[in-house]
Structure formats: structure tokens, C-alpha cells
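Q: I am new to this structure and would like to look closely at one part of it, a place where two helices meet. Please take me through that contact with care, and then set it beside other parts of the chain.
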Amino acid sequence: MYINSCSQGALSDSVRGAYERYLADWDEHGAPWEYWVEQLDAARGSVARLVNAHEDEVAVTTSVSAGVSALASGLSFEDGRDKVVVSDFEFPTIGQIWHAQERRGARVVHVPAEADGTIPLERFDAAIDEQTALVAVTAVCFRNGSRIDVDGVVRLAHERGALVLLDAYQAVGSMPVDVRALDCDFLAAGVLKYLLGSAGLGFFYCRRELVERFEPTATGWFADRDIFQMDIHDYSPAPTARRFEAGTPPIPAIYAGIAGIELMQEIGIAETEAHVRELNALLFDGLDELGARVATPPAPERRGALVCVASTDAEALVNALGAEGVVTSARDGNLRISAHCYNTAEDVRAVLELLARHRELLRLG
């Protein structure tokens, strides 16, 4: 049983077939660069429809790291705005990239979590001020499944003239993500998890009116205004969010990514969110009966699809479940259980039965 979509989505027939099409196209066309650029543009369109953006606001990247690094390289820490506010829920990529900017004059301020695994909006209120250039927050914490009040953070940041970068990797595909409704300035994510794609494909959204404000110095061939001009004598970034792209795109992963996005849209992302909430309600009830300590906030509006259970030895617990054919993962001393559209109530009950058998590996309380 696979219940680990917070790490990687299960392999679908659609994605497997997409890789077969990539190989067939390579075999048929040889080196079809123009055709592959069309695939790149198709991926851009798929992402734009997924997050309610314009295509010229979307960069197709190899990872979240690539998109955020391009943004960071084009951000100035002058004119009295040298602060970057980062939540303590961020994935290492985000913290590492912004701390790297300290060499360029940035000041990084962390917003810590409470003991209950949440970060109250009041903590962002205290951290964001008129010296803040950018606020970086995740939609769902990869360590405990907790959700940040993104609407509140965006409001506070914009009131004080700061920009907002949202890492939506643990959200996109498991719940609707709409950049217009969120009002974020930038959004980074990828297709590996709840979008059912493969490693090697990410995407980066930049609000249209902000695009030409940034000239990334972390750049590459596909960020150029005209990639087929092959000009090595100047830097002419694209007038769209393509300026946040870099070198040769990950063509095989693009085939798979488009297939995964289309599959999730066919299944229904809002429907998937509702389905997983029902499964997680069943999971929470069972964990309560076991007396297990849950690291994820119990209120549905405060958590994503991911549920984390405190363990005395998380890796041993993952291995014990794996020996019974159940795939999960561990982070920060917690067992991570992450249901998706293909999981059922029977799957949840099976996990609970195994946890009862390995109760000695659970932190109780």
C-alpha cells in the first residue's frame, strides 16, 4: 500500500505512458528541438491553468531551488529594505537560498513555531516591517503538515510594502491553488508529489507586473528573449517569467509532468481534498484511540493532506510498516502518513492496525 504522496506520488499508467511517448518521439524525430520547445510551452500552459495564472507569468524549472535562486539573484537589498522574513516551517532549500543572500547584504529573520506546531499570525506581525523586502512562507509544512495563515501573511506583507514568496509544493495537487485568490507575488512548486509527476520538473510563478522588475543573474539559455538567436554577446532576458528559467529544460520530466497534471485535473483536485479530509478524520480518530501523539494540528483548516505522528524511532517505524508492504516516510522524528486520491478508508484502517501492533514505536500522550 502506498500512502506517502508527501514524498512522491504513486506511479500512474498515464505518467508511465508519457515516458514511453518521450522515447518514441526521440526515436522518431532524432533531435527535435523545436518540438521539445513546444512541449515546454505546453507544460507552461498546464501549470498556468492549474494555478490560475497567465502563461507569461510561469517559468518552467528543474526544481523549486532553480526558480527561487533565480528570483534571489535578481532581488536588491538596498533602499532600506534588506530583510527577508522566513518561517521556521520552510524546506531547507528556502532557508539555504535566503541565507546565501546574506553575502549580498540581506538580513534573514526567522519566525519560530509554537510548541503546538503552529505559527500564529501575530509572530509574522512582529517580524514584518518597513525594512522587509520579502517574506517566504510555505503553504504546508513538510515536517508536521501544519498550514500557515497565508492570507494573513500576504495582507501584512503588502500593507508594509514587502513581497511574498509562497512554497506550494506540499499543497499543489492536494488542494486547489489559485494565485489570484492567494494574492501572492511569487509561487514555487513542483510535480513530484501530489501532481503525480516525476523528479526534475518544477515551476515558478511571478506576478505579471513584477516580471520586468527583476533581472536574474542566475540565468541560462532558455531565459533569453530569443533562445534560437544563439547570441553570446549580451544579456537579454525574456520579457515574461521565462527570464527565471535557465538551461536545457528537463524534457522527459516535462512529458511526465503534463500527464500528471492532466490526470489530477481529470480526477478533480477539490474532490481529492475533500476525499483526503475524510480519510484523515478517520486517521485522527484511530490515532486518538491508540493514545498516539500527533504532531499535526487537529483542525482541518490548520493542516494539509500530510499527517505526522510522533515516534520514539521514526525510521524504525517506517521500516516496520515497509516490511508489511506499507510505504510511508519520516521527518523530524515523526512518521509521515500522506493519503491521496487513490487511497481508501481500508488503507487507513490497515495503517492503524499496524501502528497498534508497533505501539512501542509511538510517542504516547
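Which residues in α2 meet which residues in α8?

A: This is a predicted model, in which local features need pLDDT of at least 70 and side-chain atom pairs count only at pLDDT 80 or more, while totals for chains, interfaces and linings use all residues. Residues are numbered from 1 along each chain as its sequence is written, and side-chain values use heavy atoms, with hydrogens and water left out.

On the α2 side the contact (heavy atoms within 4.5 Å) is made by Y35, W36, Q39, L40, A42, A43, S46, V47, R49 and L50, and these meet I251, I254, Y255, I258, I261 and Q265 in α8. By class, the contact has twelve nonpolar residues, three polar and one charged (Ala, Val, Leu, Ile, Met, Phe, Trp, Tyr, Cys and Pro are nonpolar, Asp, Glu, Lys and Arg charged, the others, Gly among them, polar). Helix α2 spans residues 33–51 and helix α8 residues 251–267, and their axes come within 10 Å and cross at roughly 30 degrees (axes are fitted to C-alpha atoms, for helices over the stretch in contact, with angles from 0 to 180 degrees between N-to-C directions; helices are DSSP runs of H or I of at least four residues, strands E runs of at least two, numbered from the N terminus). The crossing of α2 and α8 is left-handed, the near helix being turned anticlockwise from the far one by less than a right angle, where clockwise would be right-handed.

Another helix pair can be set beside this one. Helix α3 (residues 64–73) and helix α4 (residues 92–100) pack at about 25 degrees, with their axes 10 Å apart, and are therefore roughly parallel to each other (under 35 degrees; over 145 is roughly antiparallel, 65 to 115 roughly perpendicular, the rest oblique). The crossing of α3 with α4 is right-handed, and V64, S65, V68, S69, L71 and A72 of α3 make the contact with T93, I94, I97 and W98 of α4. Seven of the residues in the contact of α3 with α4 are nonpolar and three polar, with no charged residue.

The loop between α3 and β2 (83–87) holds D79, a residue other than glycine whose phi has a positive value, near 60 degrees. With a relative accessibility of 77%, D79 counts as exposed (over 50%; buried is under 20%, partly exposed in between, with a 1.4 Å probe and protein chains only). L196, in the loop between β6 (186–190) and β7 (202–206), likewise has a positive phi, near 70 degrees, but at 4% relative accessibility L196 counts as buried.
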